[in-house]
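Student: I am new to this structure and should be grateful for a close look at a single part of it. Please begin once the structure is shown.

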Amino acid sequence: MPVPQVVFTDPPVAWVGRTSAEAPDARVLDADMSAVAGASLQRDDVTGWARLVVQDDRLLGATFVGPHAGELLHAATVAVVGGVPLSVLRHAVPAYPTVSEIWLKLLEQH
């Protein structure tokens, strides 16, 4: 069972599931944290990125680097452990999008 991991550095790093190196046949979806308008509500100089590792409409793994990375990890953990299809996950829009808007940037690539 995938175990979520968070390293509380500045910026924080969080991940769950498989990496792109561990799943070379999977598709990689990347998004830049600075492109997320809601992230600027947290701070002016937002830097970071997010990556989803996807295969056959399933999330195999996710990595977040940047503000609130640990909080972003919960949805990824549920999706990886529960085998939630990305076509379903994209309908679970965050209720108060700030940094969590990164999910929308990632899933619109799918």
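Which classes of residue, nonpolar, polar or charged, make up the lining of the largest pocket, and how many of each are there?

Tutor: The model is a predicted one, and the account below should be read with that in mind. By class, the lining of the largest pocket comprises eleven nonpolar residues, one polar residue and one charged residue. The pocket itself holds about 160 Å³ of space. It is lined by 13 residues, and those closest to its centre are A75, L89, A92, P94 and W103. Two helices, α1 (69–82) and α3 (102–107), are the elements that each contribute two or more residues to this lining.

From the pocket one may turn to the strands, with β5 as the point of reference. Strand β5 spans residues 58–65 and is mostly covered, since seven of its eight residues are buried. Strand β5 has β2 (residues 13–17) as one antiparallel partner, joined to it by five bridges. Within that pairing, V16 has A62 of β5 as its bridge partner. Strand β4 (residues 49–55) also runs antiparallel to β5, and seven bridges link these two strands. One of the residues paired here is Q55, whose bridge partner in β5 is R58. Strands β4 and β5 form a hairpin with two residues between them, and in this hairpin D56 adopts a positive phi near 50°. As a general point on such elements, the side chains of a regular strand alternate between the two faces of the sheet.

Note on methods:
Residues numbered from 1 in each chain as written. Predicted model: local features only at pLDDT ≥ 70, side-chain atom pairs only at ≥ 80, totals over all residues. Heavy atoms only, no water. 1 Å grid on protein atoms, 1.4 Å probe; cavity = no way out; pocket = protein on both sides within 12 Å on 5 of 7 lines; lining within 4 Å. Points joined across faces, edges and corners; volume = space filled by probe spheres on them. Helix = DSSP H or I, 4+ residues; strand = E, 2+ residues; numbered from the N terminus. Nonpolar A, V, L, I, M, F, W, Y, C, P; charged D, E, K, R; others polar. Buried < 20%, exposed > 50% of the residue type's maximum accessible area, 1.4 Å probe, protein only. Pairing = 2+ DSSP bridges.
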